[in-house]
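Let's take a walk through this model together, one piece at a time. Keep the structure open beside you as we go.

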Amino acid sequence: MRALEIKNLSISFGGLKACQNVSLHIDERELVGLIGPNGAGKTTLFNLMTGIYKPTEGHVSICGIRTDRMRPYQITNECRAARTFQNIRLFKDLSVLDNVLVSSHLKVDYGLWDVLFSTKKRQDSEARIEGEARKLLDVFGLDGKRDELARNLPYGEQRKLEIVRALCTKPKLLFLDEPAAGMNDEETAQLMKLIKFIRDEYQIGILVIEHDMKFIMGLCERIYVLDHGQLIAEGRPEEIKKNPEVIKAYLGEEAA
Amino acid sequence: MSQLRFWSFQAIIIFVLGWLASNGLGDYPQTILALAGINIILAVSLNLVNGFTGQFSMGHAGFMAVGAYVGASWTVYFMPLLGTSWTTDALLSQFSMLSALIMGGIVAGLIGILVGIPSLRLKGDYLAIVTLGFGEIIRIFILNIESIGGARGFTGIPRIANMYWIVGGVILTCIFIFRIIRSIPGKEFMAVRDDETATQAMGLSTTRIKVRSFVIAAFFAGVAGALFAHYYAYLNPSTFTFSYSFQVIAMVVLGGMGSLSGSIAAALLLTVLLEVLREAQTYTYYDFRMVLYALILIIIMLKRPSGLFGRKEVWTWFARKKESA
Amino acid sequence: MSEFVQHIINGISLGSVYALIAVGYSMVYGILQLINFAHGDVVMLGAVFAYFSAKQIQTLQPSISTFFLILLISMVLCAVVGFLIERFAYRPIRNSPRMNCLITAIGVSLFIQYFTQLEFAFGAIPQPFPELMVREIAFTIMGAPVSNLQLMVLGLSIFFVLILQWIVYRTKLGKGMRAVSESTEVAAMLGVPVNRVIAFTFIIGSILAAAAGILSSMMYPRVDAMMGSLLGLKAFVAAVLGGIGSLPGAVLGGVLMGLAESLTVGYLSSAFRDAIAFAILIVVLLIRPSGLLGKMRMEKV
């Protein structure tokens with residue numbers, strides 16, 4: 001059973017065919033990249049996979065469950081798929097720790113009564129959840145800033161926090177939308193190591209959208225290329241680098 | 001501090017403050033304080049929805065009305081079935097009061113579910129209008145039920161809400177809502193306020209969270225209503241209009257949407273201000289006070305929309321002073 | 001049968017008034033995404049200004065020309081009020097979060113209402129509205145009488161709506177309005193005088209509101225400081241029903257609301273006269289919030 005399976009996915013907005021007949025798949029623990037020129041429909045595809053848009057044709061399955069009719073929160077909860085966003089969508093007015101605690105909701109095993117009367121169960125549970133959250137933050141070097149407001153973090157750390165927050169939902173599949181955007185070479189290299197670590201440590205399948213070619217080529221085992229809503233190539237990084245269709249899409253007819 | 005010690009401590013505070021309020025004040029100041037207490041409960045509970053969850057509810061007076069009339073019906077119609085001493089005997093009537101509060105709150109909460117589930121799928125302005133509409137419908141509905149007085153009002157309610165109950169209600173409401181906000185499920189409210197799409201992406205049903213905050217707020221509004229009914233011993237639907245909802249909104253906005261201490265301070269301030277202005281009212285036959293209320297609100301929105309404390313509590317302000325000292 | 005026709009006629013008259021007010025709501029919501037809570041109160045001010053002017057000019061005899069004179073005075077005064085509200089209450093908060101704008105609008109509305117209630121302004125007691133026109137029956141349809149007032153209401157409403165159509169679709173200003181309602185930023189970048197367009201939108205809306213206020217007070221001869229809130233709310237429901245942001249929708253919604261109210265009072269009970277508006281509001285918002293003629297908007301993620 002594949003972690004992610006998309007068959008003949010299409011969506012149109014009015015007359016615009018944003019995605020046409022896209023089929024792709026990710027196996028468990030695979031690191032896959034999704035690239036393409038701006039406006040190719042990559043984020044639209046993400047939104048289709050995470051339930052924000054409903055496709056006009058085709059279907060999406062995550063871990064064997066059909067998701068194209070599900071709401072976003074159901075997909076995250078039942079299919080264990082989590083994502084980050086192209087324009088960072090942290091909870092800006094919450095602290096770093098709170099951001100992560102919110103997505104730890106699956107670990108909450110106490111109810112309203114426990115909250116109102118501050119029972120031992122609640123105190124112990126919250127201590128435990130907070131402890132786990134802080135350990136995770138620490139892995140990413142963010143524990144020291146746990147009480148800072150998310151909006152006050154430097155850009156690179158905000159992107160890291162978004163990934164940590166997604167991890168707290170205990171996903172089996174992770175969608176990263178341009179995680180390296182705005183990062184310099186050093187930060188990008190660090191991020192590459194981090195993502196490989198996440199895949200190895202937590203045994204997660206990861207789908208990454210990125211424009212940074214070094215990042216994608218160095219990180220991913222397989223790459224899909226999207227252009228004008230259609231899949232134009234698929235394969236290992238070496239193959240993609242040499243694929244004339246891909247070069248044409250990015251650089252125009254003449255370069256190919 | 002263990003919970004047992006905590007609650008014993010609270011009980012002592014309630015009794016001390018209650019005693020002071022009952023015996024240390026003249027009759028008139030006491031009624032102002034009682035109304036202030038009821039308004040605090042309303043403001044703090046509304047802040048949960050408007051301030052912390054970021055959903056604009058304009059029908060809070062409707063839930064207060066539900067709690068008031070249900071609580072009053074409970075003591076006037078039901079409790080006497082258990083014997084008349086349940087509303088007259090000093091000790092037994094305490095149980096009547098408690099049960100009336102709980103009943104009022106629960107029914108208000110149920111109405112909250114009924115109103116919330118369809119309404120909270122709407123956003124912003126539309127949600128505001130729909131809650132306004134529901135608030136009015138509740139009031140018109142009550143107006144047309146003869147057995148609870150209709151337009152003439154509901155009389156004969158036993159006066160069993162004394163200052164101890166009101167102080168107790170205020171303190172319990174504040175503690176409970178504070179604990180709800182501080183808990184991990186409580187942070188979900190603020191997450192919804194910040195970014196609904198991200199909240200959904202984290203596996204949380206934003207509609208469920210919004211309804212949750214709405215129902216909790218409705219419960220406490222119902223409790224406030226029941227207290228109101230048993231303090232003034234008279235109810236009239238004309239009290240629970242949009243005007244009252246608006247006054248509570250003003251308190252929440254002035255105090256800071258997202259600050260519990262702000263709501264408490266603003267509720268006290270505005271209740272007292274309104275009463276003080278009643279004295280100064282020589283120009284008008286009707287409400288100079290409401291003109292001022294509206295003006296205050298407009299000025300806050302123009303000059304300092306974050307209100308008195310913004311999203312912070314008053315003690316963070318003190319903590320920061322200590323740090324810089 | 002003539003009873004039914006009577007209700008229809010009444011409904012259309014009432015609906016025309018609602019339509020005039022609803023158009024104002026739709027226009028402002030279209031360009032600012034703001035529910036102008038104070039709009040209903042400008043309607044009330046229209047009636048109040050007319051009341052005062054009629055009282056001042058004591059030599060007036062009820063006649064068509066009197067009516068138009070008072071109408072003109074009131075429209076000018078309301079235009080000024082509308083301009084002032086936009087300039088001093090709404091413009092400063094134009095870029096604030098929506099909740100703040102809503103609260104400000106409510107604040108302005110209540111301020112106008114309660115200020116008007118003060119003794120030195122208008123007072124809290126409803127007053128009878130002075131006769132501006134001689135009432136007579138113009139003709140009957142299937143036994144139901146149509147008064148000249150009802151004809152005037154219908155005629156004026158049609159006239160105003162047509163003028164508005166012309167402004168929005170045939171003038172530069174109208175083009176500016178349509179541009180701003182698509183996107184304020186882009187319109188500004190393209191050189192549209194956004195502030196002036198918005199001010200003008202409020203002025204137009206207020207002029208129509210004045211007319212609506214006077215017509216309403218002539219039909220139900222009463223003026224009081226609180227009449228605006230109920231009228232405004234019903235007209236707002238009309239705008240939502242028709243599709244807020246859509247002008248034809250506002251007109252359609254207004255007429256439908258008028259008919260609904262008239263038929264409810266005629267066949268159910270007058271106790272439900274106001275409740276029907278809330279009921280329609282809730283049903284529309286829960287089933288089809290974009291209204292009959294409105295468009296759904298999608299959010300970009």
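**Helices, sheets and contacts**

Start with helix H8 (residues 194–219) of chain C, where a quick length check works nicely: at 1.5 Å a residue its 26 residues should span 38 Å, and the end C-alpha atoms sit 37 Å apart, so the two agree. Bear in mind that this is a predicted model. H8(C) is also mostly covered, with 20 of its 26 residues buried.

You can run the check again on chain B. Helix H3 (residues 60–78) of chain B has 19 residues and reaches 26 Å from its first C-alpha to its last, close to the 27 Å expected at 1.5 Å a residue. Like many things we'll meet here, H3(B) is mostly covered: 16 of its 19 residues are buried.

Now look at where chains C and B meet. The contact draws on 32 residues from chain C and 32 residues from chain B. On the side of chain C that touches chain B, helix H4 (98–117) and helix H11 (275–287) of chain C each supply at least two residues. Which helix gives the most to that side? That would be H4(C), with 14 residues. As for chemistry, the residues on this side of chain C divide into 24 nonpolar, six polar and two charged.

Staying with chain B, find the pair formed by helix H11 (residues 242–255) and helix H13 (residues 288–303), both of chain B. They pack at an angle of about 35°, with their axes 10 Å apart, and the crossing is left-handed. From H11(B), the contact is made by B:Gln247, B:Ala250, B:Val253 and B:Leu254, and from H13(B) by B:Tyr293, B:Leu297 and B:Ile300. Sort the residues of this contact by type and you get six nonpolar, one polar and no charged.

Another glutamine in chain B deserves a stop. B:Gln200 has its place in helix H9 (residues 196–201) of chain B. Is B:Gln200 buried or exposed? Count the other C-beta atoms within 10 Å and you find 23; the cut-off for buried is 20 or more, so B:Gln200 is buried. Leaving out residues up to four places away in sequence, B:Gln200 touches A:Pro72, A:Tyr73 and B:Thr206.

Those chain A residues are our cue to move over to chain A and its strands. An open sheet of six strands there has the order E6-E7-E8-E3-E9-E10, with mixed pairing. The edge strands, each pairing on one side only, are strand E6 (81–83) and strand E10 (230–235) of chain A. Ignoring direction, neighbouring strands of this sheet are turned by 20° against each other on average. Helix H10 (residues 244–251) of chain A packs on the sheet, where it touches E9 and E10 of chain A, and its direction makes about 130° with that of E10(A).

Begin at the E6 edge. Three bridges join E6(A) to strand E7 (residues 173–177) of chain A, and the two run parallel. Here A:Arg83 has A:Phe175 in E7(A) as its bridge partner.

Further along comes strand E3 (residues 31–35) of chain A. On one side, four bridges join E3(A) to strand E8 (residues 205–209) of chain A in parallel, and A:Leu31 stands opposite A:Ile206 in E8(A). E3(A) is also joined by four bridges to strand E9 (residues 222–227) of chain A, again running parallel, with A:Leu34 opposite A:Tyr224 in E9(A). How many of the five residues of E3(A) are buried? Five of five. Both faces are covered, with A:Leu31, A:Gly33 and A:Ile35 on one side and A:Val32 and A:Leu34 on the other.

Finish with another set of strands in chain A. Strand E1 (residues 4–13) and strand E2 (residues 16–26) of chain A pair in the antiparallel sense over seven bridges, and A:Leu9 finds its bridge partner in A:Val22 of E2(A). The hairpin they form has two residues between the strands, and A:Gly14 takes a positive phi near 65° there. E1(A) is also joined by five bridges to strand E4 (residues 57–62) of chain A, running antiparallel. In that pairing, A:Ser10 is the bridge partner of A:Glu57 in E4(A).

Methods. Residues are numbered from 1 along each chain as its sequence is written. Chains are lettered from A and ligands numbered from 1 in the order in which they are written. This is a predicted model: local features need pLDDT of at least 70, side-chain atom pairs count only at pLDDT 80 or more; totals for chains, interfaces and linings use all residues. Two residues are in contact if their C-beta atoms, placed from the backbone, lie within 7 Å. Ala, Val, Leu, Ile, Met, Phe, Trp, Tyr, Cys and Pro count as nonpolar, Asp, Glu, Lys and Arg as charged, and the others, Gly among them, as polar. The expected span of a helix is 1.5 Å times one less than its number of residues. A residue is buried if 20 or more other C-beta atoms lie within 10 Å of its own, exposed if 12 or fewer, and partly exposed in between; C-beta atoms are placed from the backbone. Two strands pair if DSSP finds at least two bridges between them. Axes are lines fitted to C-alpha atoms, for helices over the stretch in contact, and angles run from 0 to 180 degrees between N-to-C directions. A crossing is left-handed if the near helix is turned anticlockwise from the far one by less than a right angle, and right-handed if clockwise.
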